[in-house]
Amino acid sequence: MTSQTAAATELAGTPAATVASTRRRRGRPFNAGAAGELVALLVLIGVILVPILWMISTSLKSTNQTFAVPPVFIFEPTFEHYRSIFTNSNVPNSLLNSLIVATLSSLLALVLGAPAAYAMARFEFRGKFDLWFWIISNRFISPIVVAVPFFLLARDLSLLNTRTVLILVYLTFNLPLVIWLSIDQFRAIPREIEQAAFIDGAGPWRVFATIALPLATPGLAVSGILCFVFSWNEFLFALVLTQEQARTAPVEAANFMTGFGVRWGEMMATGTVIVLPVVLFAALASRYLVRGLTMGAVK
Amino acid sequence: MAVTPTSSSADARPLPAVGSGRRRFDPMPILMLGPAVLALFAIGLYPLFYALRSSFQFSQLTKPYLGTPWVGFDNYLAVLQDGLFWGALGRTFQFFLYTMPIQVVLGIGIALLLDGTRWRVLGAVSRVLLVLPIAMTPTVVGLLGRLVYNRDFGVLNWLIGLVGLGPVSWLGSPSPAMITIALTDTWQWTPFVALVALAGLTSVPPDLVEASRLETSRRWDIFRNVQLPYLLPGLTAVLIIRTVDILKLFDAVFVLTRGGPGVSTELISIYIQRVGFRVFDIGIASAQAVLLLILCIILARIYIRLFYREIES
C-alpha cells in the first residue's frame with residue numbers, strides 16, 4: 001500500500017519526482033525492498049519503545065490493572081503512584097541526593113579537568129604520554145576492584161553514607177572523561193587565535209581564561225552533560241557506600257525489590273522519574289555519547 | 001579513526017611571546033595538571049594499592065577480634081582454588097559469547113538499515129531513539145525487566161502464550177535466567193554497536209559506494225569489500241569496550257537476579273561484591289579484585305595500543 005502511495009506522489013508533483021530521480025541515480029529500484037525496510041524500521045522502533053512505554057503505562061495503572069492477564073492496554077490513567085512516591089517515601093530525598101551528587105561531581109570534574117586538558121593539549125613535557133595513558137586507563141578499571149578499598153577508606157574517614165564520598169568517588173570516571181574529551185576541544189582551537197592574543201600582550205593564563213576556555217565551552221558543556229548522565233545512573237558505589245540518608249535514586253528504586261509484596265506501580269513511577277532527565281540530556285548530547293563511551297576512538 | 005592526543009611537533013607551545021625564551025621553567029602546565037593528577041592519585045591509584053595491600057592480609061569484617069595479620073599469598077591461593085571464582089569467570093565468558101555476536105550482527109544490520117533508508121523521517125527518528133536504551137539507568141532497566149519477565153503477569157509470557165508457548169519462569173530457573181540477562185543486555189547495548197557502526201558507514205566516501213554499485217549488484221559484496229573495512233576500527237573498539245563492560249557488569253543483573261537462582265547468573269562483579277559486602281571477607285575480595293584488575297589492565301593496554309598508536313611513534 002505504501003509503495004502505491006509513493007508511486008502516486010511520484011506522479012503528482014515535481015519535488016517527489018526529483019526525490020525519485022535522486023533515488024534512481026543512487027541505483028536503487030524504489031519499490032523492491034522499500035516495504036521490507038519499512039517493516040524493519042517499525043520493528044526497530046517498536047523494540048526500543050515498547051518496554052519504555054510499558055514502564056510508563058504501568059506507572060499510570062491501578063494496582064489491579066498491573067496484574068491483569070491478558071495485559072490491559074486501554075485504561076484511565078491514575079497518578080496515585082506518583083502522588084504516593086512523592087509524599088510518602090524516600091524517593092524525593094534520593095532524587096535530591098542524585099541531583100546534588102551528579103551536579104557537583106560533574107562540575108568538580110570540569111574544574112579539575114579543563115585546565116589539565118589544556119595543559120595536555122598545548123604544552124610539551126616529559127612523561128606526557130605516560131600521564132595520558134594512565135588517565136585513560138581509569139576508564140577500563142572495573143568499579144568492583146576499587147569498591148572494597150573505597151568502602152574501608154570512607155569508613156576510616158567517617159565519610160560513609162555521605163554525598164561527599166559519592167561526589168569524590170564519581171571523579172574516577174568523570175575526570176578521565178572530561179580530560180579526554182576536552183583535550184580534543186582545546187586542540188581544535190586554531191593556534192593563531194591564541195597567538196594573536198599573545199602578541200597583544202596577554203599572559204598565558206589570560207589566554208587560557210579569556211580565549212581558550214570560552215571557545216571550548218560548548219564541548220566542555222557536552223562532557224559535563226555526559227558526566228551528569230553517568231553519575232546519575234551509577235549504582236554499585238552508591239549501593240555499597242550509602243544508606244538511607246545519602247542514598248541515590250537508583251539504589252532507592254532497587255530497594256522496591258526487597259521485602260514482600262512488590263509495589264510495581266510505585267516502582268515503575270520511580271523508574272520513570274529517574275530515567276526522564278537523563279534520557280533528555282543524552283538526547284541533547286547524543287552526537288557525543290558514542291565518543292564519550294569509546295573514549296574518543298569513534299567520532 | 002585513531003586520534004592523537006598529544007602533539008610531538010615543536011610548535012606545541014603557544015608562547016611565542018617576546019622575551020619568554022629565557023625562562024627555562026614554566027610552572028603553568030604543572031599548576032594546571034596538578035589538581036587533576038592529585039585527585040586521580042587519591043581516588044584512582046591509592047585505592048588500588050590499598051586493595052593490593054589487603055589482598056595479602058587476612059581480613060574479615062565480621063571477625064574484627066582476629067585482626068588483620070599478613071598471610072602472604074594465601075588469599076590468592078584460596079581464590080585460585082575457589083570453584084565459585086572460576087565459575088563466575090566462566091559464566092562471564094559465557095555471557096560474552098551469548099551477547100557479543102548477536103549485538104555485533106544486529107548492530108551492523110541496524111546501521112546498514114539506517115544508513116541508506118528511503119524512509120528518511122523514520123530513519124531519523126530511529127537514530128534518536130537508539131540513544132534511549134544506552135542512556136537509560138541500568139538499574140531501572142533491571143527493574144523494568146522484573147516486570148516484563150514476571151512469570152505470572154509479565155507481558156513476555158503473555159506474548160509467547162499467544163503462540164501457545166510457556167509460561168516460562170524467566171528469572172526463576174537457571175538457563176532461562178542466563179538468557180534473560182543476556183536479552184536485557186542486548187536490548188540496552190545493541191544500539192551502542194549500531195551507532196558506532198553507523199559512524200563507520202558515514203565515513204565511507206559516497207563515491208566509493210556509487211562506483212561499486214556499477215560493478216556489482218550484490219549487496220553483500222559491497223558490504224564485505226567496500227563498507228566493512230571502514231567499520232572494522234569502530235567494531236574493534238566496541239568489542240574491547242564491551243568486554244570491559246561485561247567484566248564490570250553489575251547493576252541490571254544485580255537487580256534482575258542477584259546472581260541467582262543459585263549462582264546461575266553470578267557474573268564476576270556480582271560474585272566479588274557478594275564476597276566483599278555480604279560475606280565481608282575483605283582479604284579474599286581484594287585478591288579477587290586484583291586478579292580482575294590485571295585482566296582490565298591487559299584489555300586497556302590492547303585498546304590503547306590499537307587506537308592511539310600515533311602518539312607513541
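The largest pocket of this predicted model is lined by 33 residues. Five of them lie nearest its centre. They are A:Val47, A:Ile48 and A:Pro51 from chain A, with B:Leu183 and B:Trp187 from chain B. The volume of this pocket is about 820 Å³.

Which elements give two or more residues to the lining? Chain A has helix H3 (34-59) on that list. Chain B has helix H3 (83-115), helix H6 (138-148), helix H7 (155-162) and helix H8 (174-202). The top contributor to the lining is H3(A), with 9 residues.

What classes of residue make up the lining of the largest pocket? Nonpolar residues number 28. Another 5 are polar. Charged residues are absent from the lining.

Now turn to chain B as a whole. Its secondary structure consists of 14 helices and 0 strands. Follow the sequence, and the pattern reads α-α-α-α-α-α-α-α-α-α-α-α-α-α. Helices H3, H6, H7 and H8 of chain B, listed above for the pocket lining, belong to this chain.

How are the contacts of chain B spread along its sequence? Take those with a separation of 6 or more. Of these, 66% are between residues 24 or more positions apart.

Finally, look at burial and surface. Chain B has 313 residues, and 54% of them count as buried. Buried here means under 20% relative accessible area. The area that chain B exposes is about 14000 Å². Carbon and sulfur atoms supply 67% of that area.

Notes: Residues are numbered from 1 along each chain as its sequence is written. Chains are lettered from A and ligands numbered from 1 in the order in which they are written. This is a predicted model: local features need pLDDT of at least 70, side-chain atom pairs count only at pLDDT 80 or more; totals for chains, interfaces and linings use all residues. Side-chain values use heavy atoms; hydrogens and water are left out. Helices (H or I, at least four residues) and strands (E, at least two) are DSSP runs, numbered from the N terminus. Buried means under 20% relative accessible area, exposed over 50%, partly exposed in between (1.4 Å probe, protein chains only). Contact means heavy atoms within 4.5 Å. Accessible areas come from the Shrake-Rupley method with a 1.4 Å probe; for residues, only the protein chains shown count as cover. On a 1 Å grid over the protein atoms alone, a cavity is a set of points where a 1.4 Å probe fits but cannot get out, and a pocket is an open set with protein on both sides within 12 Å along at least five of seven lines; lining residues have an atom within 4 Å of a point. Grid points are joined across faces, edges and corners, and a volume is the space filled by probe spheres set on the points. Ala, Val, Leu, Ile, Met, Phe, Trp, Tyr, Cys and Pro count as nonpolar, Asp, Glu, Lys and Arg as charged, and the others, Gly among them, as polar.
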